[in-house]
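Thanks for sharing this one. Here is a friendly set of comments to read with the structure open beside you.

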Amino acid sequence: GLGFAAAKRMAAAGAEVIMAVRSGIPEKGQQIRDLSGNSKVTMYHVDLLDFKSIKTLVDNLLKDEIKLDLLISNAAMVPLKSRQTSQGLEEMFMVNYLAPFYLINQIVNLGILKWQGSRIIIVSSESHRNPKAFDWENFGKYHDYGINETVSRYGYFKLLLTTFGNELHRRLNNGKINVAVRMLCPGPVNSNIAREAPGWMQPLLKGVFSLFFKSP
């Protein structure tokens, strides 16, 4: 998906790349090395459905004295229906908003991100424009929904994520740019994000994605 494509592009440009992933260790990192010709690719495990896993990632970055010039936050999911994490939260809320919020704040507050001139890039979506308002009364509460509500919930969590990015940029930059925080929509990309769609929809979606969506 987008994460793999971004890592390959950064490695090809000569960057030292750190991939934080739930699966694909070590084969995905080796693919990046082979495709880019850059051996400076390191992989760390993280499961964005689990706060403990995120904290372990942060601890490992600190232990290894990692200092980031650029942080790209691109993880997202579109589930078939709501599911609870082991900590009682809804999965899409966790992966698409709360985990990035927690991880980015940890990286910033603990000094893992270099201060002057560094950048945070958050992959959001134009669908953040669709929600009409914030639902603060039910913020973070588990909400049971099915496939008919998945797209609207996705847009709402992207609104939360985009709002977080804007506010983080304001707080980190007092009069001049120290850490640039940018949100982007990659447009229609065939990243297999709809892999949980019902079986009867899969042939149609694959056809539409391959014809009209860009490759990562």
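The points below go through the helix contacts, the nonpolar cores and a few individual residues.

1. A word on the source before anything else: this is a predicted model. Please keep that in mind for every value quoted here, including the angles and distances.

2. Let us begin with the N-terminal pair. Helix 1, residues 2-12, packs against helix 2, residues 27-36, at an angle of about 40°, and their axes are 9 Å apart. An angle of 40° falls in neither the parallel, the antiparallel nor the perpendicular range, so helix 1 and helix 2 are oblique to each other. The crossing of helix 1 past helix 2 is right-handed. On the helix 1 side the contact uses Phe4, Ala7, Lys8, Ala11 and Ala12, while helix 2 brings Lys28, Gln31, Ile32, Leu35 and Ser36. By class, the residues of this contact are six nonpolar, two polar and two charged.

3. Next comes the pairing of helix 3 with helix 4. Their axes come within 10 Å and cross at roughly 30°. Angles under 35 degrees count as roughly parallel, and helix 3 and helix 4 are therefore roughly parallel to each other. Here too the crossing is right-handed, with helix 3 passing helix 4. Phe51, Ile54, Lys55, Leu57 and Val58 of helix 3 make the contact with Met94, Leu98, Ala99, Tyr102, Leu103 and Gln106 of helix 4. Nine of the residues in the contact of helix 3 with helix 4 are nonpolar, one is polar and one is charged.

4. Helix 4 has another partner in helix 5. The axes of helix 4 and helix 5 come within 8 Å and cross at roughly 15°, which makes helix 4 roughly parallel to helix 5. Helix 4 passes helix 5 in a right-handed crossing. Among the helix 4 residues in this contact are Phe93, Tyr97, Phe101 and Ile104, and among those of helix 5 are Tyr154, Phe157, Leu161 and Phe164. The contact of helix 4 with helix 5 has 14 nonpolar residues, three polar and one charged.

5. Now to the interior. In soluble globular proteins, nonpolar side chains tend to be buried together. In this model the largest nonpolar core has 40 residues, and Ile104, Leu113 and Ile120 have the most contacts inside it. At least two residues of this core come from each of helix 3 (51-63), helix 4 (91-109), strand 4 (118-123), helix 5 (147-172) and strand 5 (179-184). Helix 4 gives the most, with 11 residues. A second, separate core has eight residues, including Ala11, Val21, Ile32 and Val41.

6. Which residues does Leu113 touch, not counting residues up to four places away in sequence? They are Leu68, Leu71, Ile107, Val108, Ser118, Arg119, Ile120 and Val179. It may help to display Leu113 together with these neighbours.

7. His45 is also worth a look. His45 sits in strand 2, residues 41-45, and has a relative accessible area of 44%, so it is partly exposed. Leaving aside neighbours within four places in sequence, His45 is in contact with Val21, Arg22, Ile25, Ser53 and Leu57. From His45 to Phe213 there are 168 residues in sequence and 29 Å in space, C-alpha to C-alpha.

8. Two backbone details could be checked by eye. Most residues other than glycine have a negative phi, and most peptide bonds are trans. The peptide bond from Ile25 to Pro26 is cis, with omega near 5°, and Pro26 lies in the loop between strand 1 (17-21) and helix 2. Glu65 has a positive phi, near 55°. Glu65 belongs to the loop between helix 3 and strand 3 (70-73) and counts as exposed, at 68% relative accessibility.

9. Last, is Glu137 buried or exposed? Glu137 has a relative accessible area of 67%, so it is exposed. Its place is in the loop between strand 4 and helix 5. Glu137 and Lys52 are 85 residues apart in sequence, with 26 Å between their C-alpha atoms.

Key. Residues numbered from 1 in each chain as written. Predicted model: local features only at pLDDT ≥ 70, side-chain atom pairs only at ≥ 80, totals over all residues. Heavy atoms only, no water. Axes fitted to C-alpha atoms, helices over the stretch in contact; angles between N-to-C directions. Parallel < 35°, antiparallel > 145°, perpendicular 65-115°, else oblique. Left-handed = near helix turned anticlockwise from the far one by under 90°. Contact = heavy atoms within 4.5 Å. Nonpolar A, V, L, I, M, F, W, Y, C, P; charged D, E, K, R; others polar. Core = buried A, V, L, I, M, F, W, Y, C linked by side-chain atoms within 4.5 Å. Buried < 20%, exposed > 50% of the residue type's maximum accessible area, 1.4 Å probe, protein only.
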